[in-house]
Amino acid sequence: MRHFLNIRELSSEQLTHILDTAESFTSVDGQAVKKVPLLRGKTIVNLFFEPSTRTRTTFELAAKRLSADVLNINIATSATTKGESLLDTLFNLEAMNTDVFIVRHPESGAADFIAKYVAPHVSIINAGDGKHAHPTQAMLDMFTIRKLRKDFSYLSVAIVGDILHSRVARSQIEALNILGAKEVRVIAPRTLLPASVEKLGVKVFQDCKQGLHDVDVVIMLRLQKERMQGAFIPSEHEYFQLYGLTPERLALAKPDALVMHPGPINRGVEISSEVADGPQSVILQQVKYGIAVRMAILSLVISPEQNGAAIES
Ligand code: CP
């Protein structure tokens, strides 16, 4: 695994290996010194062309816990604002002996594009590209589900909201299907569903009452207004009335259903505060597990041969 660009190219065994590797790293969080020397001397660059709180910081923490050196490039104050191209920026950072670029970009396909041009020893991790893929988010979501529910094969999972513009939903659907989830549902108004969405391997619902019935996991998505051109819903108020996750609506799912959200959450738009902060919400656990999952992915792209030793130690 030189690069980590999307989920669909990976097998169930490979996804399970990432989850198992992440499991081995969760103990680092509980140590007095939260570090292992696995990536000492390696240089990791966070190259984010779009805003981020969770992904950027958990990648930085993950890299630091693996003892790597980390650079965070602030694109707003970088030479790209003076007209430097994406590839020229990349080649300059590569000249500093970078081992891994973690790339977030508003254009779908940006991480794949960059991966074609970097030197053979350099790895690219996709931290979200347009509405295409967000594979590390999907892996931390799978880690959270497996940690709390063990076995994917009996789980019905509903993904609710702006499926059309969501890179997270695409990667989650791929991961859930590859890992053998019993059923993946999407619930959204027609305007927020991609054409032929059922070809992704999902059951489609436009009505929450039917779609949430008896599911084990509810994953809420925000309205991704930064990727919308035009009006896709009449108003946020009306959207919340029809699709917002309230305690009453959550009661349609199994009584112990997990409530997940990749963040950032928009309270009162796709989820109520009672649910977001309630006993079934595992939203902050997702963030916490993101560190171990990103440690696993970094360790697997940089040093697959050393990783076995790290897991066993
Ligand atoms: N889930 C997610 O990608 O959050 P950020 O945009 O804060 O990184």
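In this predicted model, S67 is found in the loop between α2 and β2. The residue is not a glycine, yet its phi is positive, at about 70 degrees. S67 has a relative accessibility of 18% and therefore counts as buried, the cut-off being under 20%. K150 also has a positive phi without being a glycine, with a value near 65 degrees. The place of K150 is in the loop between α5 and β5 (156-160). With 64% relative accessibility, K150 counts as exposed, because the cut-off for that class is over 50%. Most residues other than glycine have a negative phi, and most peptide bonds are trans. A cis peptide bond is present between G263 and P264, with omega at about -10 degrees. P264 belongs to the loop between β9 (258-260) and α10 (273-276).

Helix α2, which S67 follows, consists of 12 residues. The distance from its first C-alpha to its last is 16 Å, close to the 16 Å expected at 1.5 Å a residue. The buried residues of α2 are T55, T58, F59, E60, A62, A63 and R65. Their packing partners include four strands, β1 (43-48), β2 (69-74), β3 (100-105) and β4 (123-129). Helices α5 and α11 are also packed against by the buried residues of α2.

The domain assignment divides the chain into domain 1 (12-133 + 289-307) and domain 2 (135-286). The C-alpha centres of the two domains are 26 Å apart. Domain 1 contributes 28 residues to the contact, and domain 2 contributes 25 residues.

One cavity of 30 Å³ or more was found in a search of the whole structure. The largest cavity holds about 60 Å³ of space. Its lining is made up of R54, T58, Q137, L140, H261, P262, Q286, V287 and R294. Two or more lining residues come from each of α2 (54-65), α5 (135-149) and α11 (283-302). The contribution of α11 is the greatest, at three residues. By class, three residues of the cavity lining are nonpolar, four are polar and two are charged. Since residues of both domain 1 and domain 2 take part in this lining, the cavity lies between the domains. T58 appears both in the cavity lining and among the buried residues of α2.

The largest pocket has a volume of about 340 Å³. Its lining comprises 20 residues, and those nearest the pocket centre are R104, R167, R222, G263 and P264. Both partners of the cis peptide bond, G263 and P264, are thus named among the residues nearest the centre. The elements giving two or more residues to this lining are α2 and α6 (167-178). The lining contains five nonpolar, eight polar and seven charged residues. Domain 1 and domain 2 both supply residues to the lining of the largest pocket, so this pocket lies between them.

About 180 Å³ of space is enclosed in the second largest pocket. Of the 15 residues in its lining, I265, A276, S281, I283 and L284 lie nearest the centre. Helix α11 supplies the largest share of this lining, four residues. Eight of the lining residues are nonpolar, four are polar and three are charged.

Within helix α6 lies L176. Its relative accessibility is 0%, so L176 counts as buried. Leaving out residues up to four places away in sequence, L176 touches M142, I145, F152, V157, I159, A181 and V184. The C-alpha atoms of L176 and S299 are separated by 23 Å, the two residues being 123 apart along the chain. E198 is located in the loop between β6 (183-187) and β7 (203-205). With a relative accessibility of 47%, E198 counts as partly exposed. From the C-alpha of E198 to that of I178, 20 residues apart along the chain, the separation is 16 Å.

Methods: Residues numbered from 1 in each chain as written. Predicted model: local features only at pLDDT ≥ 70, side-chain atom pairs only at ≥ 80, totals over all residues. Heavy atoms only, no water. 1 Å grid on protein atoms, 1.4 Å probe; cavity = no way out; pocket = protein on both sides within 12 Å on 5 of 7 lines; lining within 4 Å. Points joined across faces, edges and corners; volume = space filled by probe spheres on them. Nonpolar A, V, L, I, M, F, W, Y, C, P; charged D, E, K, R; others polar. Domains from an automatic or database assignment. Expected span 1.5 Å × (residues − 1). Buried < 20%, exposed > 50% of the residue type's maximum accessible area, 1.4 Å probe, protein only. Contact = heavy atoms within 4.5 Å.
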